[in-house]
Amino acid sequence: MRYSELFGKTLREAPRDEESKNAQLLARGGYVNKLMSGVYTFLPLGTRVLTKIENIVREEMAAIGGQEILMPTMQPKENWVATGRWDDFDVLYKVKSPDGREVALGPTHEEVVAPLAKQYVQSYKDLPLYLYQIQTKFRDELRAKNGLLRGREFRMKDLYSFHSSVEDLEAYYEKAKQAYAKIFDRVGLKALLTEASGGTFSKYSHEFQVQVESGEDVLYHCSKCSFCQNKEIVSADLDKLKVGEAGVCPKCGENLEVVSATEVGNIFQLKNKYSDPFKLTFLDSDGQTQTVMMGCYGIGTSRLMGTIAEVLSDEKGLRWPEEVAPYKVHLVSLGKSMPFANEVYHKLVSAGVEVLYDERDCSAGVKLGDADLVGLPLRVVVSDKTAAENKVELKARNSEEVRVISIDETLEILVK
Ligand code: ATP
Ligand code: MG
């Protein structure tokens with residue numbers, strides 16, 4: 001991709017109405033554009049990052065048997081009345097059509113997936129079943145000032161599992177936990193497995209939390225053992241501790257830290273919570289009617305993108321891990337080196353390397369500053385000096401080391 005043709009340019013200053021670090025960086029880098037509070041357009045670079053994140057999620061969902069579907073955003077009011085959530089779900093968008101009919105804009109999809117499964121699940125032979133989607137969700141969040149970390153319109157992967165017994169649900173829940181750990185590892189984040197309230201249906205749900213300054217959750221985390229609980233559920237004596245303070249881990253007696261974090265994933269054992277209102281049952285091997293046991297497993301894929309932006313960046317800009325970077329290489333031509341840079345570009349592209357090629361006629365300072373801001377994993381600079389020797393400068397975004405090498409050597413390093 002030639003930078004001069006790319007839609008969405010870097011900005012020298014962050015937009016004045018962006019308070020959060022993730023939105024400032026992503027807007028400056030040309031990844032997103034704000035339409036209104038909590039609502040963003042993903043520009044070409046941003047769309048590439050989001051797609052890569054969502055494809056990683058797809059691979060890991062397929063690995064645990066997930067079948068991808070796409071459910072509607074518009075959901076009938078009756079389904080939400082049936083679960084009691086038409087009035088109880090405080091951030092639900094309710095839309096009235098001109099003829100007076102009311103629908104919900106999906107903030108989550110239990111009210112669609114449970115009646116859907118009911119139409120296809122008859123006997124124990126139809127179970128277990130794992131359905132997921134990656135879709136745009138809507139929530140009328142009170143404060144939507146944290147960029148992609150808290151959208152009113154945002155992206156989520158939601159997986160729903162259907163089981164013939166609680167034991168089978170519990171076994172799958174553990175599998176999903178491991179799939180989640182893999183996803184966060186692949187996108188370059190350290191996610192803490194955190195106990196949080198599970199509602200009335202199980203003791204805990206598990207959240208995957210990433211430590212970040214702007215995070216809206218407070219965690220009590222022990223770095224020695226695995227203890228990690230969300231503030232919502234911790235015991236009263238721990239609750240007195242503030243972010244930045246330290247305490248004693250109730251599990252191992254070591255140092256407990258209180259940190260800010262953002263919830264990138266959440267898994268629940270729903271059991272019969274949504275099966276009951278929709279009479280989602282099956283016939284067991286004795287011909288008896290039983291209730292289907294459900295689990296649900298969410299990941300905020302756009303929040304994940306904002307979290308990566310925030311956690312992995314430095315003072316110069318973004319720093320994408322290779323698996324989610326929009327392109328692998330930022331190729332920069334300086335001075336009069338264009339003909340040689342063009343040759344390098346074509347060779348890299350022909351070898352299958354994803355390249356963003358900055359061939360604009362502007363200063364070295366601007367181009368190198370933009371390369372740091374956009375944050376691709378590798379930078380290849382061609383200058384008059386390197387071109388004279390048929391060489392390029394190769395530098396990783398997260399290192400200061402610069403290597404002057406030939407195109408062939410560059411290809412060897414890039415094409416593994
Ligand atoms: P929060 O407590 O942050 O509001 P939640 O617990 O209400 O989130 P869930 O219903 O568990 O969210 O949704 C599943 C996942 O969707 C969350 O783990 C999070 O990653 C993502 N998510 C939820 N709300 C938002 C939002 N407003 N913007 C972006 N992502 C979100
Ligand atoms: Mg949650």
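This is a short chat about the domains and the ligand of a predicted model.

Colleague: Which domains does the chain have in this predicted model?
Modeller: The assignment gives domain 1, residues 3–314, and domain 2, residues 329–414.

Colleague: What separates their centres?
Modeller: Taken over C-alpha atoms, the centres of domain 1 and domain 2 are 38 Å apart.

Colleague: And how many residues are in contact?
Modeller: On the domain 1 side 13 residues are in contact, with 12 residues of domain 2. Between them the two domains bury about 1,000 Å², and 54% of that is on carbon and sulfur atoms.

Colleague: How many salt bridges across the interface?
Modeller: The rule finds 3 salt bridges between domain 1 and domain 2. Arg48 and Glu354 form a salt bridge through their side chains, at 3.2 Å from N to O. The rule also finds 7 residue pairs in polar contact across the interface.

Colleague: Which helix gives the largest share of the domain 1 side?
Modeller: Helix H2, residues 44–63, with 3 residues. The domain 1 side that touches domain 2 divides into 5 nonpolar, 3 polar and 5 charged residues.

Colleague: Switching to ligand 1. How many residues surround it?
Modeller: 14 residues surround ligand 1, and the closest are Arg139, Glu141, Arg150, Gly151 and Glu263.

Colleague: What does Glu141 do there, side chain or backbone?
Modeller: Side chain: a polar atom of it lies 2.8 Å from a nitrogen atom of ligand 1.

Colleague: Which residues have polar atoms by an oxygen atom of ligand 1?
Modeller: Arg303 has a polar side-chain atom 2.9 Å from an oxygen atom of ligand 1. With Val264 it is a polar backbone atom, 3.2 Å from an oxygen atom of the ligand.

How values were computed: Residues numbered from 1 in each chain as written. Chains lettered and ligands numbered in written order. Predicted model: local features only at pLDDT ≥ 70, side-chain atom pairs only at ≥ 80, totals over all residues. Heavy atoms only, no water. Domains from an automatic or database assignment. Contact = heavy atoms within 4.5 Å. Buried area = accessible area lost by both parts, 1.4 Å probe. Salt bridge = Lys/Arg side-chain N within 4 Å of Asp/Glu carboxyl O. Polar contact = N/O pair within 3.5 Å; in protein donor to acceptor, adjacent residues only side chain to side chain. Helix = DSSP H or I, 4+ residues; strand = E, 2+ residues; numbered from the N terminus. Nonpolar A, V, L, I, M, F, W, Y, C, P; charged D, E, K, R; others polar. Near = heavy atom within 4 Å.
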